[in-house]
Amino acid sequence: MKTMARAFTIGATLLVLAVSSNIASASAQVSRAQAADPSGFASGADVQAQLRQMLAAMKSDQGFMWRPLVRDGATVAAIEIWKKPGRPAVHPAEAEYAIVLEGSGTLVSGGAMTDPKVSNANLVEGSRIEGGATRPLGPGDVILIPAGVPHWFGITGDRLVLLGIKLPSAK
């Protein structure tokens, strides 16, 4: 009986060591995989959850909301919800890249902005754009506005939702 109990104890100990060794190995593999993938990631479910949270947080008279989704230092991919048109804008040192996630609107870009006023180092706003190109916007549309180009988003439905990224201009 003692021999069986001893064999059982040795077997159980070996099993525990094998399992804990595999757990440590798997944990090390996960840590190496995380270190090898420095990218930010948000699943489709993450995007939808953040969008629902933002819509619930917006006040009835609020025309715009912006929240980061993923980030790499100063580079941020953010969800933008437009319920009312903003003012025409220029980002002097940043290009603006966006994908329409939902809703509909209008993009006016190019031309000349009237009554420009510097809001901060990365934003100049004006009262309107003269001579710009007008394009309808809908889900799946992709936008790239170079640094220094005037642009304006109009809203033609309940809202226009963008995944927006500001990119430093090439030097």
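These legends accompany several close-up views of a predicted model.

**View 1. Helix α2 has a buried side and an exposed side.**
Helix α2 covers residues 44-57. At 1.5 Å a residue, its 14 residues should span 20 Å, and the end C-alpha atoms are 20 Å apart, so the expected and computed spans agree. Val47, Gln50, Leu51 and Met54 are buried in this helix. They cover an arc of only 100 degrees around the axis, which puts them on the same side of α2. An α-helix has 3.6 residues a turn, so residues three or four places apart point the same way. On the other side of α2, the exposed residues are Ala45, Arg52, Gln53 and Ala56.

**View 2. The buried residues of α2 pack against strands.**
Four strands are involved: β1 (64-72), β2 (75-82), β4 (94-109) and β11 (151-168). The residues that α2 brings to this packing are buried ones. Leu51 and Met54 are among the buried residues of the helix.

**View 3. Strands β1 and β2 form a hairpin.**
The two strands run antiparallel. Eight bridges join them. Met65 stands opposite Ile81 in β2. Two residues lie between the strands. Gly73, in the turn, has a positive phi of about 65 degrees.

**View 4. Strand β2 also pairs with β11.**
This pairing is antiparallel and runs over six bridges. Ala77 stands opposite Ile165 in β11. How much of β2 is buried? Seven of its eight residues are, so β2 is largely enclosed by the rest of the structure.

**View 5. The largest nonpolar core has 11 residues.**
Its members are Trp82, Ala98, Val100, Leu107, Leu137, Ile143, Ile145, Phe153, Ile155, Leu160 and Leu162. Three elements give two or more residues to this core: β4, β10 (142-145) and β11. The largest share, four residues, comes from β11. Leu160 is a member of this core. Beyond its neighbours within four places in sequence, Leu160 touches several residues, including Trp82, Val100, Leu137, Phe153 and Ile155. Its contacts also include Glu80, Ile81 and Glu102. Gly103, Ser104, Gly105 and Gly154 are in contact with Leu160 too. A second, separate core has eight residues, including Leu51, Met54, Ile79 and Ile81.

**View 6. Thr106 is a buried residue of strand β4.**
Thr106 lies in β4. Is Thr106 buried or exposed? Its relative accessible area is 18%, so Thr106 counts as buried, the limit being under 20%. Residues up to four places away in sequence are left out of its contacts. Thr106 then touches Thr134, Arg135, Pro136 and Leu137. It also touches Trp152, Phe153, Gly154 and Thr156.

**View 7. Arg135 in strand β9 is partly exposed.**
Strand β9 covers residues 133-137. Arg135 has 41% relative accessibility. Which residues does Arg135 contact, leaving aside its neighbours within four places in sequence? They are Gly105, Thr106, Leu107 and Ser109. Arg135 and Gly105 are 30 residues apart in sequence. In space, the distance between these two is 8.6 Å, C-alpha to C-alpha. The side chains of Arg135 and Ser109 are joined by a polar contact of 3.3 Å.

How values were computed
Residues numbered from 1 in each chain as written. Predicted model: local features only at pLDDT ≥ 70, side-chain atom pairs only at ≥ 80, totals over all residues. Heavy atoms only, no water. Expected span 1.5 Å × (residues − 1). Buried < 20%, exposed > 50% of the residue type's maximum accessible area, 1.4 Å probe, protein only. Arc of directions from axis to C-beta. Contact = heavy atoms within 4.5 Å. Pairing = 2+ DSSP bridges. Core = buried A, V, L, I, M, F, W, Y, C linked by side-chain atoms within 4.5 Å. Polar contact = N/O pair within 3.5 Å; in protein donor to acceptor, adjacent residues only side chain to side chain.
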